[in-house]
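Student: I would like to work through this structure with you, moving from one local position out to the sheet and the helices around it. Could we take it one question at a time?

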Amino acid sequence: MASIQTLKGSVKQWHSLGRTVALAIALGVGISLTACGKQTATSPANAPSAASVASSAPQGETSTVVRIGYQKYGTLALLKARGELEQEFKAQGVSVQWVQFPGGPQLLEALNTGNLDFGNTGETPPIFAQAAGAPLLYIANELPDPKGEAILVKQDAALKTVADLKGKKVVLNKGSNVHYLLVRALEDAGLKYTDVKTIFLPPADARAVFEKGDADAWVIWDPYLTAAKRSLNARILKDADGLAPNRQFYLAAKPFSEKYPERVKAIITSLEKTGEWAKANPNEVAKILSPQLGIDEPTLQEIAQHLPYGIQLIKPNVIADQQKIADTFYELKLLPKPVEVKTVAQITK
């Protein structure tokens with residue numbers, strides 16, 4: 001089980017994890033952190049081979065590969081599935097390499113170590129990454145989706161409100177968007193962050209712990225959230241409505257953005273087109289993503305009912321929300337130093 005001290009130490013571990021993550025990427029695996037802070041390898045779908053990663057590392061003046069990290073579901077996953085970005089770059093002699101990650105913290109560690117150029121995460125991972133000195137840049141964001149993350153409990157659990165979590169075990173992905181949801185939900189219920197016992201695990205491992213009953217609650221995002229409701233007889237104790245926006249952010253490695261701004265623009269333009277298509281074709285989205293992600297169509301269709309497709313360039317109010325999250329984690333002593341989010345954001349008026 002991880003304590004607050006463990007989480008504080010996690011930021012310091014970002015750099016020490018660098019070599020491990022770089023090696024794992026080269027071997028076609030991702031890195032996740034267990035509750036005890038040990039490093040374990042997980043094999044993400046569609047991970048590139050060691051040879052392909054080695055050859056794709058930018059060398060010389062121009063790179064011919066764009067390396068994109070994505071997670072299960074969302075516009076970026078759909079863009080990959082449709083293959084349109086590959087066509088966009090093909091004319092320029094540039095290929096696209098996709099790597100799937102179990103969560104934002106793992107994705108940003110790969111970006112931090114120079115193994116990714118672009119990717120998507122929730123609200124909290126970029127804040128921890130910025131505190132660790134990762135060379136990231138906020139490029140754009142999706143519209144808020146507060147129904148897309150929640151605290152889950154078993155259907156027959158005696159827990160009826162967030163206040164009932166006092167003294168209970170709660171499992172979640174460390175430093176992810178749902179970490180802030182837990183903090184806000186506890187605060188809203190009159191509890192302290194230290195009133196619950198946190199267990200930090202990536203989604204697949206967290207689901208197993210929750211299913212076995214070794215945790216009383218699981219704080220998780222879609223598509224894992226909806227899948228768990230449907231298959232584990234779980235119910236929502238509290239979602240993020242009124243507590244957190246739950247935005248998806250698109251981030252680029254700053255060196256990549258500075259060297260290839262036209263490539264970043266091309267990715268964002270493709271995401272905008274994909275989002276517009278998805279809004280008009282929710283059933284088609286489910287059909288396309290189901291085999292790609294290994295998630296059944298009914299689950300994906302249910303998610304599509306609340307998923308607000310729409311890409312926006314970074315606005316001042318969005319950065320203000322991010323700064324509030326950063327300040328909250330610093331006040332809880334979960335960040336080693338305060339961060340100023342606007343210094344790593346490409347803000348438009």
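Student: Where is the place of Asp164?

Tutor: This is a predicted model, and the position can be described through the elements on either side of it. Strand 7 covers residues 149–154 and strand 8 covers 169–172. The place of Asp164 is in the loop between strand 7 and strand 8.

Student: Does Asp164 count as buried, partly exposed or exposed?

Tutor: Buried would need a value under 20% relative accessible area, and exposed one over 50%. Not counting residues up to four places away in sequence, Asp164 touches Ala158 and Leu159, while its C-alpha atom is separated by 10.0 Å from that of Val196, 32 residues apart along the chain. Its relative accessibility is 30%, so Asp164 counts as partly exposed.

Student: In what order do the five strands of the open sheet lie?

Tutor: The pairing in this sheet is mixed. The edge strands, each pairing on one side only, are strand 9 (197–200) and strand 11 (234–239), and neighbouring strands are turned by 30 degrees against each other on average, direction ignored. The order is 9-8-10-7-11.

Student: How many bridges join strand 7 to strand 10, and in which sense do they run?

Tutor: Strand 7 also pairs with strand 11, in the antiparallel sense over five bridges, with Asp239 in strand 11 as the bridge partner of Ala150. Towards strand 10, Ile151 stands opposite Val219. Strand 7 and strand 10 are joined by four bridges, and the two run antiparallel.

Student: In which sense do strand 8 and strand 10 run?

Tutor: One position in this pairing is given by Val170, which stands opposite Ala217 in strand 10. Two bridges join strand 8 to strand 10, and the sense in which they run is parallel.

Student: Which residues of strand 10 are buried on each of its faces?

Tutor: Strand 10 is mostly covered, with five of its five residues buried. Both faces are covered, with Trp218 and Ile220 buried on one side, and on the other Ala217, Val219 and Trp221.

Student: Which strands does helix 8 touch as it packs on the sheet, and what angle does its direction make with that of strand 7?

Tutor: Helix 8 comprises residues 177–188 and touches strand 7, strand 8, strand 9, strand 10 and strand 11. Because 10 of its 12 residues are buried, the helix is largely enclosed by the rest of the structure; among the buried residues are His179, Tyr180 and Arg184. The angle between its direction and that of strand 7 is about 70 degrees.

Student: How far apart are the end C-alpha atoms of helix 8?

Tutor: The expectation rests on 1.5 Å a residue, so the 12 residues of helix 8 should span 16 Å. The computed separation agrees with this expectation, the end C-alpha atoms being 17 Å apart.

Student: At what angle do the axes of helix 4 and helix 12 cross?

Tutor: Two packed helices are described by the angle between their axes and the distance between the axes. Here the axes of helix 4 (residues 75–82) and helix 12 (residues 261–280) come within 9 Å, and the residues that meet include Leu76 and Leu79 in helix 4 and Leu271 and Trp277 in helix 12. Angles of 65 to 115 degrees count as roughly perpendicular, and helix 4 and helix 12 are therefore roughly perpendicular to each other. Their axes cross at roughly 95 degrees.

Key: Residues are numbered from 1 along each chain as its sequence is written. This is a predicted model: local features need pLDDT of at least 70, side-chain atom pairs count only at pLDDT 80 or more; totals for chains, interfaces and linings use all residues. Side-chain values use heavy atoms; hydrogens and water are left out. Two strands pair if DSSP finds at least two bridges between them. Axes are lines fitted to C-alpha atoms, for helices over the stretch in contact, and angles run from 0 to 180 degrees between N-to-C directions. Contact means heavy atoms within 4.5 Å. The expected span of a helix is 1.5 Å times one less than its number of residues. Buried means under 20% relative accessible area, exposed over 50%, partly exposed in between (1.4 Å probe, protein chains only). Angles under 35 degrees count as roughly parallel, over 145 as roughly antiparallel, 65 to 115 as roughly perpendicular and the rest as oblique.
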